[in-house]
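Trainee: I am new to this structure. Could you show it to me and explain how its terms are earned?

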Amino acid sequence: MKIVIIGAEAAGMSAAAKARRAAPDAEIDVYEMSRVISFGACGLPYFVGGEFDNPDYMAELSVEDFARRDIRVHTGHQALSLDPVAKRVQVRDLASGEIHVAAYDKLMIATGASELRPPLPGLTLGNVFTLRTMADGLALREAARNPAVRNVAIIGAGFIGLELAEAMVKLGKQVRLIQLADRVMPDAFDPEITSLMEDELRLHGVAVHLSESVGALQGKHAVERVVTQRGEYDCELAVLCVGVRPNTAFLDDTGIQRLANGAIVVNAYGETSLPDVYAAGDCATAPHQLTGQPTYAPLATTANKLGRLVGENMAGGRQAYPGTLASAAVRVLGLEAGRAGLGEAQARAAGFDCRTVMVKDKNHTNYVPGQTEIHVKLVYEADSLRLLGAQMIGKSGAVHRIDALAVAIASGLSARELGMLDFCYAPPFSRTWDVMNVAGNVAK
Ligand SMILES: Cc1cc2nc3c(=O)[nH]c(=O)nc-3n(C[C@H](O)[C@H](O)[C@H](O)COP(=O)(O)OP(=O)(O)OC[C@H]3O[C@@H](n4cnc5c(N)ncnc54)[C@H](O)[C@@H]3O)c2cc1C
C-alpha cells in the first residue's frame, strides 16, 4: 500500500501519523513545499504580540521525528499536477528544479489555504504584511517591535484581524481596524455579539472603521498611509487579513468537485469526487453536522479531526466524521467569545424556521470577587425548540461554556432540556441556575 500526502501541517501530518498506526506496513510519503512542517498557525498572533518568544513552540515535530515512525517527509517539494487515472502526482524539488512522479494507491490533498491578496496598489511596499506562515510571523513580529512603528492599520476584521488588533494594542501601538462589512466578524458571530466586540475595541483605543473599503496603500519605500473611500490614514505598518483561498489551483484540470472558492468537496469519509483521493483541512470542505451541506470551515480543529480520520480511512478503515459545528473562539482584549452551530442568518438561509433568545447574566455568585456579565444567544427551531446554534461573550467563563453548548447542539437537545441540564455549581464558578440554564428556560 502506497500512501501519498500533499501538505505537511495540521491535516496532512494528522493523517500521516494515524495512517502509520493503522497500517504499519504502508509506505507513506508526504510532500511539502515549505521547510516548516507540523506547524500550528494559531499561535502566530500571540507570538507577534509577545506572549511567548520561542517560535519553535508552534512547530514541535520535525522531519526526523516522523522519519523515526517511518514516514518520509519531503520538504521543499511542490505538487504540480495530479493524474487521477494513472494515480500519479507530479512533484518538483524546489531546490534542484527536478521533477519526478509519485505513484499512489491512496492520495490525500492537505494543501491548506493561502491568504487572499486583492489587487490593491501598494501591496508590495515595505512593512505591509499578511499572517499565515512561520516566516510571516517572524517578519511581522520584528517589524512591530520597531519603536518607529506607532500607527498600525489592520485591514479586515475576521478572527486574525481581531487577534492582531489585540496584539498590537498590547504592544502599545495606535491601531486602526478597517473593515469592508458593516460589522466585525460577520461570518462567525451575530450582530448582538459583534457590537460588544466593537465597543471593547473602541474602549481600548482602536479606531474601528466599518463599511469602509481600502483602495490603496501608499508610501515611498515602506507604507505611509492607507487610502479608503472615506479618507487617508497615516500608518507605518499595515496587515492585510481579508480571508483565505484554498490551495487547489494545481487540480484545475482534474475535474475534482469544488466549491466556488476552490475548496474540495469531501463526504463524511473525507473522500473527494475522484477515486482513492481524499482531502481535509483548509483546502477542503467538511460536512456540516446540522445541515449536512459541504461547509468551508478553515479551522485547526476540523483539519486535525478530518485529517486523522482520512489517515485511518486511507489505511483501510471506514470511519465517518460526524460533521463540523464550526465551533470557534476568540479573545478580544478584555472579552472572550465563542460560537457553535448556526448563527441566526445561517439557520434561516439553511431553511430552518428558527427563533432566538439573547440573555445577559452573571458568570458566578456575587459574593465571590470578579463577578462579570456573560451574554448568551441561542438559535433554535421554532416548533421543537431543538438547539441549532449558540454564541457567548463575556469577560470570563464564556468560551468554555460554549463547549457545553456544542455538546447540547450535537446531541439534538432542545432549549427546554438545556434549561434543566444539570450543570455543576459552586460560588466561584457559576450560579445555581447557570446562564446556560437561564437562556434555555427563556427560550419559548
Ligand atoms: C494567524 C492564524 C491564526 C489561527 N488561529 C486559529 C485558531 O485559534 N483556532 C483554529 O481552529 N484555527 C485557527 N487558524 C486556522 C488553522 O491554522 C488552520 O485551519 C490549519 O492550519 C489548517 O491546516 P491545514 O493542514 O489544512 O493547512 P495549512 O496549515 O495551510 O498547511 C498546508 C500546507 O500545504 C503546503 N502546500 C500547499 N500547496 C502545496 C503543493 N502544491 N505542494 C506541496 N505542498 C503544498 C503548504 O506549504 C502548507 O504548509 C488560524 C490560522 C491563522 C493563519
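Mentor: Gladly. Let us begin with contact, which means heavy atoms within 4.5 Å. This is a predicted model, where local features need pLDDT of at least 70 and side-chain atom pairs count only at pLDDT 80 or more, while totals for chains, interfaces and linings use all residues. Residues are numbered from 1 along each chain as its sequence is written, and side-chain values use heavy atoms, leaving out hydrogens and water.

Trainee: Which residues does Lys106 contact, leaving aside neighbours within four places in sequence?

Mentor: Lys106 is in contact with Met1, Lys2, Ile3, Val4, Asp276, Tyr278 and Met314. Lys106 itself sits in strand β7, residues 106–109. A strand here is a DSSP run of E with at least two residues, a helix is a run of H or I with at least four, and both are numbered from the N terminus.

Trainee: Why is Lys106 called buried?

Mentor: Buried means under 20% relative accessible area, exposed means over 50%, and partly exposed lies in between, using a 1.4 Å probe and protein chains only. Lys106 has 19%, so it counts as buried.

Trainee: What makes Ala15 buried?

Mentor: Its relative accessibility is 0%, so Ala15 meets that cut-off too. Ala15 lies in helix α1. Beyond residues up to four places away in sequence, it touches Ile5, Met108, Gly307, Arg308, Gly311 and Met314.

Trainee: Why is β2 described as largely enclosed?

Mentor: Of its 6 residues, 5 are buried, so β2 is largely enclosed by the rest of the structure.

Trainee: How do you know that strand β1 is paired with β2?

Mentor: Two strands pair if DSSP finds at least two bridges between them. Strand β1 (residues 2–6) and β2 have 5 bridges in the parallel sense, so the pairing holds under that rule. Within it, Ile3 has Ile28 of β2 as its bridge partner.

Trainee: Where do I find antiparallel pairs involving β14?

Mentor: Strand β13 (residues 214–218) pairs antiparallel with β14 (residues 225–228) over 4 bridges, and a hairpin of 6 residues joins the two. Next, β14 runs antiparallel to strand β15 (residues 232–234), with 3 bridges, and the hairpin between these has 3 residues. Arg225 belongs to both stories: it stands opposite Gln218 and also opposite Asp234 in β15.

Trainee: What makes β9 and β12 edge strands?

Mentor: They belong to an open sheet of 5 strands in the order β9-β16-β10-β11-β12, with parallel pairing. β9 (128–129) and β12 (207–209) each have a single partner strand, so one side of each is left without a neighbour in the sheet. For β12, strand β11 (residues 174–178) pairs with it over 3 bridges, and Leu177 stands opposite Val208.

Trainee: Which residues come nearest to the ligand?

Mentor: Among the 29 residues around the ligand, Glu9, Glu32, Ala79, Arg132 and Asp282 come nearest. A residue is near a molecule or strand if one of its heavy atoms lies within 4 Å. By class, this shell has 17 nonpolar, 8 polar and 4 charged residues. Ala, Val, Leu, Ile, Met, Phe, Trp, Tyr, Cys and Pro count as nonpolar, Asp, Glu, Lys and Arg as charged, and the others, Gly among them, as polar.

Trainee: What makes the approach of Asp282 to the ligand a polar contact?

Mentor: A polar contact is a pair of N or O atoms within 3.5 Å. An N or O atom in the side chain of Asp282 is 2.7 Å from an oxygen atom of the ligand, so the pair falls within that limit. A polar backbone atom of Ala300 also has a ligand oxygen at 2.9 Å. Taken alone, the ligand exposes 1000 Å², and the protein buries 87% of that; such areas come from the Shrake-Rupley method with a 1.4 Å probe.

Trainee: What is notable about phi in Met185 and Leu333?

Mentor: Most residues other than glycine have a negative phi. Met185 has a positive phi near 45 degrees, and Leu333 has a positive one near 55 degrees. Met185 lies in the loop between β11 and α6 (191–203), while Leu333 is in the loop between β21 (328–332) and β22 (335–341). With 3% relative accessible area, Met185 is buried, and Leu333 is buried at 13%.

Key
A polar contact is a pair of N or O atoms within 3.5 Å; within protein, one must be able to donate a hydrogen and the other to accept it, and residues adjacent in sequence count only if both atoms are side-chain atoms.
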